[in-house]
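Trainee: I have a new model open on my screen and would like to learn how to read it. Could you walk me through it, one feature at a time?

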Amino acid sequence: ETALAQLFSGSKPRVVVYLPRDVQLDLEIDARQGALQGDLGGLWLKTAEVTLAQGALQLTFDEPLREPMERLAIDFSMGGGQMTSIGNASPAVLDLEISMGGAEIDLRGQWVQDAMIHLDTRMSGALVRLPRGVLIEGIDREGLTVEESAEVDPPKLTFEIRADDRGDIEFID
């Protein structure tokens with residue numbers, strides 16, 4: 001469909017991709033100028049790298065993955081992002097880079113392994129919802145009532161934060 005036809009018809013191009021649940025995947029998504037919406041719940045992902053520039057990102061893991069991930073990397077700029085139920089992916093390494101935008105990051109879900117979480121914001125704000133039933137290190141938890149697990153060895157989430165002075169990161173429970 002030509003750009004002129006799109007302008008007059010009001011239609012917008014859309015691509016829908018279905019991934020197999022019974023095949024182990026390393027997923028790489030690189031999108032520019034648009035919206036990216038995905039539900040990766042229930043898949044068998046070893047790693048995933050999601051990059052979006054100039055757009056909106058909505059990513060969720062609505063159910064636990066077949067196995068916990070080794071690494072999940074999300075990098076978006078000049079837009080907004082909402083990531084939900086990341087705990088259901090239970091990545092050993094979670095790399096989040098946000099620049100010139102805002103993000104809602106929901107870490108709730110079924111964590112089954114320890115995680116190193118790198119959060120890097122530049123000229124951006126982020127709201128991070130913390131999960132229950134895990135140990136949390138590396139952030140100031142003053143004013144938070146994060147409920148830790150009664151398990152003997154619950155998963156531990158260790159945060160490493162890098163943020164410039166042109167944004168704000170807020171942690172909520």
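Trainee: Let me start with M78. Is M78 buried, partly exposed or exposed?

Mentor: The idea is to take a residue's relative accessible area and see which class it falls in: under 20% is buried, over 50% is exposed, and partly exposed is in between. M78 has a relative accessible area of 39%, so it is partly exposed. Keep in mind as we go that this is a predicted model. You will find M78 in strand β3.

Trainee: What about the backbone there? What is phi of M78 near?

Mentor: First the general idea: most residues other than glycine have a negative phi. Phi of M78 is near 50°, a positive value in a residue other than glycine. M100 is another case, with phi near 50°. M100 belongs to strand β4, and its relative accessible area of 39% makes it partly exposed.

Trainee: You mention strands. How many strands and helices does the protein chain have?

Mentor: There are nine strands and one helix in the protein chain. Read from the N terminus, the order is α-β-β-β-β-β-β-β-β-β. As for the chain overall, 38% of its 173 residues count as buried. Its accessible surface is about 9800 Å², and carbon and sulfur atoms account for 48% of that.

Trainee: Which way do β4 and β5 run, parallel or antiparallel?

Mentor: To read a pairing, look for the bridges between two strands and then for their direction. Strand β4, residues 93-106, is joined to β5 by seven bridges, and the two run parallel. To find your place, look at V93, which stands opposite M116 in β5. On to β8: seven bridges join β5 to β8, and these strands run parallel. Here H118 stands opposite E160 in β8.

Trainee: While we are in β8, what does I161 touch?

Mentor: For contacts, it helps to set aside the sequence neighbours and see what the fold brings together. I161 lies in β8, which covers residues 156-163. Beyond its neighbours within four places in sequence, I161 is in contact with L119, I139, I169 and F171. You can also follow the backbone: the C-alpha atoms of I161 and I117 are 8.2 Å apart, although 44 residues separate them along the chain. With 32% relative accessibility, I161 counts as partly exposed.

Trainee: How many aromatic pairs does a search of the whole structure find?

Mentor: One aromatic pair is found. To read such a pair, check the distance between ring centres and the angle between planes. The rings of F159 and F171 have centres 5.6 Å apart and planes at 85°, so this pair is edge-to-face. F159 is in strand β8 and F171 in strand β9, residues 169-172, so the pair ties together parts twelve residues apart in sequence. Both F159 and F171 are buried.

Trainee: Now a polar residue. Is S124 buried or exposed?

Mentor: S124 is buried, at a relative accessible area of 2%. It sits in the loop between β5 (115-122) and β6 (125-129). For a polar side chain, ask next which atoms it reaches. The S124 side chain reaches the backbone oxygen of R122 at 2.8 Å and the backbone oxygen of I98 at 3.3 Å. Among the contacts of S124 outside its neighbours within four places in sequence are S99, G101, R166 and D168.

Trainee: Another loop residue caught my eye. Where is the place of N88?

Mentor: N88 is in the loop between β3 (71-84) and β4. N88 is buried too, with a relative accessible area of 11%. Setting aside neighbours within four places in sequence, its contacts include F61, P64, R108 and Q110.

Trainee: And which residue lies over the face of W44?

Mentor: For this feature, look for a charged group above a ring. R66 lies over the face of W44, at 3.9 Å from the ring centre. D22 joins the picture, as it is in contact with both W44 and R66. The C-alpha atoms of D22 and R66 are 8.5 Å apart, with their positions 44 residues apart along the chain. D22 belongs to the loop between α1 (3-9) and β1 (25-39), and its 57% relative accessibility counts as exposed.

Methods:
Residues numbered from 1 in each chain as written. Predicted model: local features only at pLDDT ≥ 70, side-chain atom pairs only at ≥ 80, totals over all residues. Heavy atoms only, no water. Helix = DSSP H or I, 4+ residues; strand = E, 2+ residues; numbered from the N terminus. Buried < 20%, exposed > 50% of the residue type's maximum accessible area, 1.4 Å probe, protein only. Contact = heavy atoms within 4.5 Å. Polar contact = N/O pair within 3.5 Å; in protein donor to acceptor, adjacent residues only side chain to side chain. Areas by Shrake-Rupley, 256 points an atom, 1.4 Å probe, with all protein chains shown as cover. Pairing = 2+ DSSP bridges. Phe/Tyr/Trp six-rings, centres within 6.5 Å; stacked < 30°, edge-to-face > 60°. Lys NZ or Arg CZ within 6 Å of the ring centre and 35° of its normal.
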